[in-house]
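Subject: Handover of a structure and notes on it

Dear colleague,

I am handing over the structure below, together with notes on what was found in it. Please look at the sequence and the coordinates alongside the text.

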Amino acid sequence: IPEWLTFGKGVVDSEDLPLNVSRELLQKSKVLSIISKRLVRKALDMFNEIAKDEDKFKSFSDNFGKYIKVGVIEDRDNKEALLKLATFASTKMGATTLPQYKERMKDGQKKIYYVSGSSKEAASASPVLEGLKKKGYEVIVAVDQIDEIALQGVGTFDGCDVVDAAKEDADADELSEDEKNAKAEAAKELEDVCAFVKETLGTQVDKVEPSTRLTKSPSALVQPQWGVSPQMQRFMKAQAAAGGADAMMGAMSANLELNPRHPVVLKLKQMVADDKEAAETKDYALLLYDVAAISTGYEVADPAAFAKRVVKLMGDGLEIDDDDDDDDFESDEEKIEFPDEKPAAKQEAPAASGEKAAAKDKKPSAKEEPVVPEVIEPQ
């Protein structure tokens, strides 16, 4: 039986198996090949029967769902049958299969969309989904690496392409003529801004362009057609580190998309027009990139520099100098006086304890008269 079916247990009764069993016989026996295919078919029939009961199928998916997804990846002969049984989380349902998703597709929707993330909440809040949510589209959420690998290899399901919503031009076929014209017009208006941001970021991004998917966020990072999601990049880095090849795993550039209608982007446009060489303009562009990276699940390359830019933005209009703390420290240090360094004449002698010590240390003053004891004569 295939590896994805190893969780199944059973007994096979066959009269056609030869008594002498060897490795060569197991590899070349037609009888064993037929038995294997029939076992897989029997198992799939049993799983489809379980799928008719919602409670039983939920329990089955919770316990053996990952095995089914491994079968989607490895078993090409039964891929279509297994895809109907594989369950995934989505933005509208706790768990759904691809046939169930297809039944809920909106009129005019041509593709099945999915997005990966560290959790369902984080993936659902990704800015790359804003345009799809506005249209009311449901998006499958790939939380585990096995979910993303399985969905990447699907290609098409029942006539619909299965695509990553975080890839460039993922919704290109869904755009209307008005949206396409608006994108072309925005590209002309933001030509200088995109060129400036690309020059500022350098190799951190592959290209910078206006977005048609963003409705609320100012920017977002998306992967090229053959790029790898941030979730998969972390998985690959962990695998490379485990194999001792961490140095060979470098960062992968993504595309930066800007929302041409967002006030933040419009402010950057004005800053570029006024003085694009100013340090504030470059910091603003870098901060726009950092915000896009964090909101779409990427790691910030330089957290310290990002924190400084945020603090500078928070203190806009305030006089903040990075060197003030050092100057204050030095000035305070100069004013400190230690008791050991004072002149000895100014030091006070410690007070003696007890009345005897006080009388012993006390010296009579010159103006004081000596006390004469009174003598009493005997009568």
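I begin with Asp-53, which has a relative accessible area of 32% and is therefore classed as partly exposed, since that class lies between the buried limit of 20% and the exposed limit of 50%. Please keep in mind throughout that this is a predicted model. Asp-53 sits in the loop that runs between α2 (30-50) and α3, and a polar atom of the Asp-53 side chain lies 3.1 Å from the backbone nitrogen of Asp-55.

A second loop residue may be set beside it. Gln-223 is found in the loop between β8 (219-222) and α11, and it counts as buried because its relative accessibility is 3%, where the limit for buried is under 20%. A polar atom of the Gln-223 side chain lies 3.2 Å from the backbone oxygen of Val-228. Once the neighbours within four places in sequence are left aside, the residues in contact with Gln-223 are Ala-166, Lys-167, Glu-168, Val-228, Ser-229, Gln-233, Ser-253, Ala-254 and Tyr-298.

As for the protein as a whole, it has 379 residues, of which 36% count as buried, and its secondary structure comprises 16 helices and nine strands. Among the contacts with a separation of 6 or more, 71% are between residues 24 or more positions apart. The exposed surface comes to about 25500 Å², and carbon and sulfur atoms supply 51% of that area.

Next, the open space. The largest pocket holds about 730 Å³, and of the 31 residues that line it, Phe-57, Ser-61, Thr-87, Ala-95 and Thr-96 are the closest to its centre. At least two lining residues are supplied by each of α3 (54-74), β1 (87-90), β2 (96-97) and α5 (98-103), with α3 giving the largest share, namely twelve residues. By residue class, the lining of this pocket divides into twelve nonpolar, eight polar and eleven charged residues.

How many cavities of 30 Å³ or more does the structure hold? There are two. The largest cavity has a volume of about 60 Å³, and its lining is made up of Asp-169, Asp-171, Leu-175, Lys-183, Pro-210, Ser-211, Thr-212, Arg-213 and Glu-257, which divide into two nonpolar, two polar and five charged residues. The second largest cavity, with a volume of about 30 Å³, is lined by Tyr-113, Val-128, Leu-132, Ala-165, Ala-170, Asp-171 and Arg-213; here the division is five nonpolar, no polar and two charged. Asp-171 and Arg-213 appear in the lining of the largest cavity and also in that of the second largest.

Finally, a helix with several buried positions. In α8 (residues 145-152), the buried residues are Ile-146, Asp-147, Glu-148, Ala-150 and Leu-151. Which elements are among those that cover the buried residues of α8? They include the helices α3 and α11 (230-242), as well as the strands β1, β3 (111-116), β4 (139-142) and β6 (160-164). Two of these, α3 and β1, also supply residues to the lining of the largest pocket, so you may wish to view the two regions together.

With best regards

Methods:
Residues numbered from 1 in each chain as written. Predicted model: local features only at pLDDT ≥ 70, side-chain atom pairs only at ≥ 80, totals over all residues. Heavy atoms only, no water. 1 Å grid on protein atoms, 1.4 Å probe; cavity = no way out; pocket = protein on both sides within 12 Å on 5 of 7 lines; lining within 4 Å. Points joined across faces, edges and corners; volume = space filled by probe spheres on them. Helix = DSSP H or I, 4+ residues; strand = E, 2+ residues; numbered from the N terminus. Nonpolar A, V, L, I, M, F, W, Y, C, P; charged D, E, K, R; others polar. Buried < 20%, exposed > 50% of the residue type's maximum accessible area, 1.4 Å probe, protein only. Contact = heavy atoms within 4.5 Å. Areas by Shrake-Rupley, 256 points an atom, 1.4 Å probe, with all protein chains shown as cover. Polar contact = N/O pair within 3.5 Å; in protein donor to acceptor, adjacent residues only side chain to side chain.
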